[in-house]
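User: Could you take a close look at one part of this model for me and then work outwards from there? I would enjoy one connected walk through the fold.

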Amino acid sequence: MSLDNAVAIVTGGAQGIGFAAAQRLGERGARLVVADRSGAEAAARALRESGFDAIAVDVDVSQPEQVAAMAQRAEAHFGRIDVLVNNAGIYSSLKPTPFEQLTMQDWRQVLDVNVIGVFLACQAVLPAFKRAGGGRIVNISSGVAFKGNPWMAHYVASKGAVISLTRALATELGAHQVLVNSVAPGFTLSDGVHANPTLVEGVKGPSLRGRVLARDMVPADLVGAIEFFAGAQAAFITGQTLVVDGGAYF
Ligand code: NAI
């Protein structure tokens, strides 16, 4: 599958990793649906000003009706859907919390967006994928799912679930030529992270020291992996998770 004229939905595409992914897919010829709970229109406008074909959809990915409407709007506008990048997630706004103090509300808030949101979006695009003869799902998980991370048990567990969901869907949807893979980023200086000085101060130093490629990681470092899973080079790859973290596991 070439990305020329492919229709790609990027959830959480208004900023950070999602916006960088949308830009890259646009550069490869994809038509773009920026789906976000805030800032989607401004991001889509910026993409159009850069010469890409892009529309905005306001959506909270944890809300079933809104996610169904997102898929309907994308298919109604562009006639098909080929790629779904499940990038919307709660991370940078989380207050690191000792495990014993995490509440049900903390857990539900994270799981609703990071896991249920992925489930809902995958289910919503599936009919369009089938009509198009196949599709690609790229889930954004996290390196912490392998490594663990203190004071973020709910977030770590949510990203582990994304990796397992990737596996499960790959086995189930392959029959429909729907390939499902995941990209697991290391600590990335995204817009959301920049907006949280405590996170930058607390995590930047340790993450840099634990990285073979000793520089800050930015959203642009991830777009190659996302593009890869969305494109022709990955036509026989499904169920995989690619860790992109500058070598933080050696
Ligand atoms: P960010 O905070 O810069 O951007 C996230 C975007 O998702 C925002 O535009 C926000 O409005 C949107 N969003 C959040 N909740 C939403 C919802 N319920 N419905 C629709 N849109 C929603 O985030 P960043 O850092 O670019 O992260 C993107 C993804 O990458 C997330 O899934 C995050 O967990 C994951 N990730 C980030 C890492 C990092 O260090 N920045 C590391 C590993 C994974």
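Which residues does Ser182 touch, not counting residues up to four places away in sequence?

Analyst: Happy to. In this predicted model, Ser182 touches Asn139, Ser141, Val162, Ile163, Thr166 and Thr241, once residues up to four places away in sequence are not counted. Ser182 is found in strand S6, which spans residues 178-185. Ser182 counts as buried because it has 28 C-beta neighbours inside 10 Å, and 20 or more is what that class requires. For a sense of scale, the C-alpha atoms of Ser182 and Ala132 are separated by 22 Å, with their positions 50 residues apart along the chain.

One of those contacts, Thr241, is also the bridge partner of Ser182 in S7. The two strands, S6 and S7, pair in the parallel sense over four bridges. S7 covers residues 241-244 and has two unlike faces: Thr241 and Val243 make up the covered one, while Leu242 and Val244 make up the uncovered one. The bridge partner of Ser182 therefore belongs to the covered face of S7.

Now let us step back to the sheet. It is open, has seven strands in the order S3-S2-S1-S4-S5-S6-S7, and its pairing is parallel. S7 is an edge strand, and so is strand S3 (54-58): each of them pairs on one side only. Averaged over the sheet, neighbouring strands are turned by 20° against each other, direction ignored. Helix H9 (residues 223-230) packs on this sheet and touches S1, strand S4 (83-86), strand S5 (135-140), S6 and S7. The direction of H9 makes about 150° with that of S5.

Further along the strand order is S1, and here the setting is mostly covered: five of its five residues are buried. Val7, Ile9 and Thr11 point one way from S1, whereas Ala8 and Val10 point the other way, and all of them are buried. S1 pairs with strand S2 (residues 31-36) in the parallel sense over five bridges. Two of the matches between these strands can be named: Ala8 has Leu32 as its bridge partner in S2, and Thr11 stands opposite Ala35 in S2.

Ala8 deserves a pause of its own. This residue of strand S1 counts as buried because 32 C-beta neighbours lie inside 10 Å. Leaving aside neighbours within four places in sequence, Ala8 is in contact with Leu25, Ala30, Leu32, Val33, Asp82, Val83, Val85 and Ala230. Leu32 thus appears both as a contact of Ala8 and as its bridge partner. The C-alpha atoms of Ala8 and Ala71 are separated by 11 Å, although these residues are 63 apart along the chain. On the other face of S1, Ile9 is in contact with Val33, Ala35, Met70, Ala74, Ile81, Leu84, Val85 and Val125, again leaving aside neighbours within four places.

These contacts lead into the largest nonpolar core, which has 73 residues. Ala8, Ile9, Leu32, Val33, Val34, Val125 and Ile226 are the ones with the most contacts inside it. Helix H4 (residues 104-132) gives this core its largest share, 11 residues.

H4 also has a part in the surroundings of the ligand: H4, helix H1 (16-27) and helix H7 (191-194) each supply at least two residues of the shell. In total, 32 residues surround the ligand, and the closest are Gly12, Gly16, Gly89, Ser190 and Gly192. By class, the shell comprises 12 nonpolar, 16 polar and four charged residues.

Finally, two backbone details may interest you. Most residues other than glycine have a negative phi. Asn5 has a positive phi of about 70° although it is not a glycine, and its place is in the segment before strand S1 (7-11). Gln177 likewise has a positive phi, near 60°, and is not a glycine either. Gln177 is found in the loop between helix H6 (153-173) and S6, the strand that holds Ser182. Asn5 counts as partly exposed because it has 13 C-beta neighbours inside 10 Å. Gln177 counts as partly exposed too, with 16 such neighbours.

Note on methods:
Residues are numbered from 1 along each chain as its sequence is written. This is a predicted model: local features need pLDDT of at least 70, side-chain atom pairs count only at pLDDT 80 or more; totals for chains, interfaces and linings use all residues. A nonpolar core is a set of buried Ala, Val, Leu, Ile, Met, Phe, Trp, Tyr and Cys residues joined through C-beta atoms within 7 Å. A residue is buried if 20 or more other C-beta atoms lie within 10 Å of its own, exposed if 12 or fewer, and partly exposed in between; C-beta atoms are placed from the backbone. Two residues are in contact if their C-beta atoms, placed from the backbone, lie within 7 Å. Two strands pair if DSSP finds at least two bridges between them. A residue is near a molecule or strand if its C-beta atom, placed from the backbone, lies within 6 Å of it. Ala, Val, Leu, Ile, Met, Phe, Trp, Tyr, Cys and Pro count as nonpolar, Asp, Glu, Lys and Arg as charged, and the others, Gly among them, as polar. Axes are lines fitted to C-alpha atoms, for helices over the stretch in contact, and angles run from 0 to 180 degrees between N-to-C directions.
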